[in-house]
Amino acid sequence: MSTADIMNMKPSQTRNKIIAHVDLDAFFVSVEELLNPSLRGKPVVVGGNPFGRGVVSAASYAARKFGVHAGMPSSQARRLCPRAIFLRGSHGIYSQYSSQVMEVLGRFTPAMEQVSVDEAYLDLTGCQRLHKAGAVEIAQRIHHAVHAETGLPASIGVGAGRIVAKIAANAAKPNGMMVINPGREAAFLAPLPIGKMPGIGPVSQREYMKLGIRRIGDLSQFKPEILRQIFGKHGAAMARRAQGEDGGHVDFSTGTEGRSGSQSVSREVTYSTDTGDPGRVRATVSYLAESVGRRVRKTGLVFDTVTLKLRRASFATVTRSRALSRTSDDTSVIYQAACDMLEPLLTGSRERVRLVGVGVRAMEKKPEQMDLFLMEQEARIEAVHRSMDQARDKYGFESALMARSILHGRG
DNA sequence: TCTGGGGTCCTAGGACCC
DNA sequence: TCTGGGGTCCTAGGACCC
């Protein structure tokens with residue numbers, strides 16, 4: 001092969017990647033069915049309170065027949081399917097099952113990227129010799145192993161890139177497998193509605209429709225510059241993806257080792273009924289600041305930006321953020337900054353408050369050395385928070401709340 | 001009984017500096 | 001007095017994903 005030939009090759013051809021996307025079917029519901037087999041085949045919904053402001057996290061296939069789906073308000077799910085069994089779910093148990101599944105997947109290849117609690121990409125490119133089997137057979141073994149060892153149904157998509165693998169897995173659901181052979185990517189994607197493309201949600205879907213782009217294949221009719229002008233970076237990437245050309249890069253640093261480091265930590269709460277009490281909102285901010293601070297200290301990272309989020313009764317949402325003069329992992333720094341940003345928002349509108357959120361951003365490793373001038377002061381504050389964290393580990397989070405947070409729970 | 005909670009990434013405007 | 005770009009940081013908002 002000449003150098004010119006190599007230069008002319010498209011990215012997906014330079015290495016014949018084999019990527020598998022493994023996606024657990026109706027994950028939360030499937031775990032609930034394992035724990036309680038009498039739920040099998042029934043309309044089951046895991047999510048928030050169907051008589052309150054919750055939303056659906058997962059719906060069984062029986063419930064989906066009524067039009068229930070993840071993300072829908074639980075109250076709406078209840079109206080669509082009054083006989084559905086609503087469960088609040090237990091995320092600790094789901095995490096345990098998730099770890100089990102990831103452990104099984106990790107045995108097939110170290111090149112694994114966990115992208116969420118119920119999804120992972122596997123790079124099987126080098127695995128055929130190791131497993132003495134073709135890609136299809138390896139995928140079948142994975143499918144079988146997940147079910148045999150965890151009892152959970154999964155769907156698997158295999159292709160030359162991440163996007164193709166993911167869409168194939170979706171198409172294979174439930175409990176199925178789909179392999180897209182090399183060179184067939186564009187043909188597989190072309191007839192699918194544009195909304196099936198990961199990254200294209202309801203808003204951009206409407207924009208694409210305006211251009212007459214209804215199916216993924218329609219993207220190729222447009223010059224990349226046009227798509228870039230309208231959709232920015234995203235548009236150009238989508239055109240490439242429509243041809244099945246994504247790098248197929250699997251970032252296995254997130255595998256069994258865990259995440260390489262988060263960019264942000266946040267907590268938010270929606271009141272069960274909107275509140276017009278500024279004192280209650282302040283108390284909630286205090287509670288959230290404590291919660292975020294505690295989680296930050298667990299990561300061993302420091303932040304340099306604090307953000308506050310407020311959603312009003314009308315659902316109008318405002319955010320404020322403030323960069324700090326230096327990094328911190330201190331609850332009182334979060335609290336102070338959040339309060340400073342909160343006051344003008346409380347004064348600025350008499351509308352009731354629906355949601356409050358507090359977060360921190362731009363996380364980096366906690367520095368070993370600290371400014372000597374500040375060390376003594378810091379050490380004292382830190383000692384207080386450490387002992388509170390310890391009490392919480394022992395007795396639960398609510399056991400050690402700052403006095404100002406106690407009000408949060410009232411009403 | 002409309003619309004959770006935890007994230008990621010992108011955009012766009014203004015400040016500020018060179 | 002008028003008038004430049006580029007680069008980077010900060011802030012607010014929004015789309016999207018699970």
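My working classes first: Ala, Val, Leu, Ile, Met, Phe, Trp, Tyr, Cys and Pro go down as nonpolar, Asp, Glu, Lys and Arg as charged, and the others, Gly among them, as polar. With that settled, I note that I am looking at a predicted model.

**Entry 1: strand B**

I started by sorting the surface near DNA strand B by class, and got seven nonpolar, eight polar and nine charged residues. I then looked up who sits around DNA strand B: there are 24 residues, and Phe51, Ser264, Glu268, Thr270 and Arg295 are the closest. On the nucleic acid side, 67% of the DNA strand B atoms that come within 4 Å of the protein belong to sugar and phosphate.

Which elements build this surface? I found that α5 (74-80), β9 and β12 (353-361) each put in at least two residues. The largest share is from β9, with seven residues.

Next I pulled polar contacts to phosphate oxygens of DNA strand B. The side chain of Arg354 has an N or O atom 2.7 Å from one. For Arg267, again through a side-chain N or O atom, I read 3.2 Å. Lys233 uses a backbone N or O atom, also listed at 3.2 Å from a phosphate oxygen.

**Entry 2: strand C**

I repeated the lookup for DNA strand C. Here 18 residues are around the strand, and Lys166, Gly199, Ser204, Ser321 and Ala323 come nearest. By class I get six nonpolar, six polar and six charged residues on the surface near DNA strand C.

How much of the DNA strand C side within 4 Å of the protein is sugar or phosphate? I get 97% of the atoms, with the rest in bases.

For the protein elements, α11 (202-210) and β11 (317-328) each supply at least two residues of this surface. The most comes from β11, which gives six.

I logged three polar contacts here. A polar backbone atom of Gly199 is 2.6 Å from a phosphate oxygen of DNA strand C. Ala323 places a backbone N or O atom 2.8 Å from a phosphate oxygen of the strand. Asp118 goes for a sugar or linking oxygen instead, with a side-chain N or O atom 2.9 Å away.

**Entry 3: salt bridges**

I moved on to charge pairs inside the protein. Side chains of opposite charge can pair when their charged atoms come close. My search of the whole structure turned up 15 salt bridges, and I wrote up a few.

Arg141 and Glu137 form one, with the closest N and O atoms 3.0 Å apart. Where do Arg141 and Glu137 sit relative to each other in helix α8? They are four residues apart in α8 (residues 135-150), so about one helical turn separates them. I have Arg141 as partly exposed because its relative accessibility is 31%. Glu137 is partly exposed too, at 38% relative accessible area.

Glu268 and Lys309 meet through their side chains at 3.1 Å, N to O. This pair links distant parts of the chain, with Glu268 in strand β9 (residues 264-275), Lys309 in strand β10 (residues 301-312), and their positions 41 residues apart. I put Glu268 at 39% relative accessibility, so it counts as partly exposed. Lys309 has 23% and is also partly exposed. Glu268 had already turned up in my notes, being one of the closest residues to DNA strand B.

Asp329 pairs with Lys366, again with closest N and O atoms 3.0 Å apart. Asp329 lies in the loop between β11 and α15 (331-348), and Lys366 in the loop between β13 (364-365) and α16 (372-395), so the pair ties together parts 37 residues apart in sequence. Is Asp329 buried or exposed? I have Asp329 as buried because its relative accessible area is 11%, and the cut-off for buried is under 20%. Lys366 comes out at 22% and is therefore partly exposed.

I also noted a network in which salt bridges with shared partners join Asp23, Asp25 and Lys173.

**Entry 4: cysteines and domains**

How many disulfides did I count? The count is zero. I checked two cysteines for burial anyway: Cys81 is buried, with 1% relative accessibility, and Cys339 is buried at 11%.

Last, I took down the domain assignment for chain A: domain 1 (27-92), domain 2 (187-242) and domain 3 (264-409). Between domain 2 and domain 3 I have 40 Å from one C-alpha centre to the other.

Methods: Residues numbered from 1 in each chain as written. Chains lettered and ligands numbered in written order. Predicted model: local features only at pLDDT ≥ 70, side-chain atom pairs only at ≥ 80, totals over all residues. Heavy atoms only, no water. Near = heavy atom within 4 Å. Polar contact = N/O pair within 3.5 Å; in protein donor to acceptor, adjacent residues only side chain to side chain. Disulfide = S-S within 2.5 Å. Buried < 20%, exposed > 50% of the residue type's maximum accessible area, 1.4 Å probe, protein only. Domains from an automatic or database assignment. Salt bridge = Lys/Arg side-chain N within 4 Å of Asp/Glu carboxyl O.
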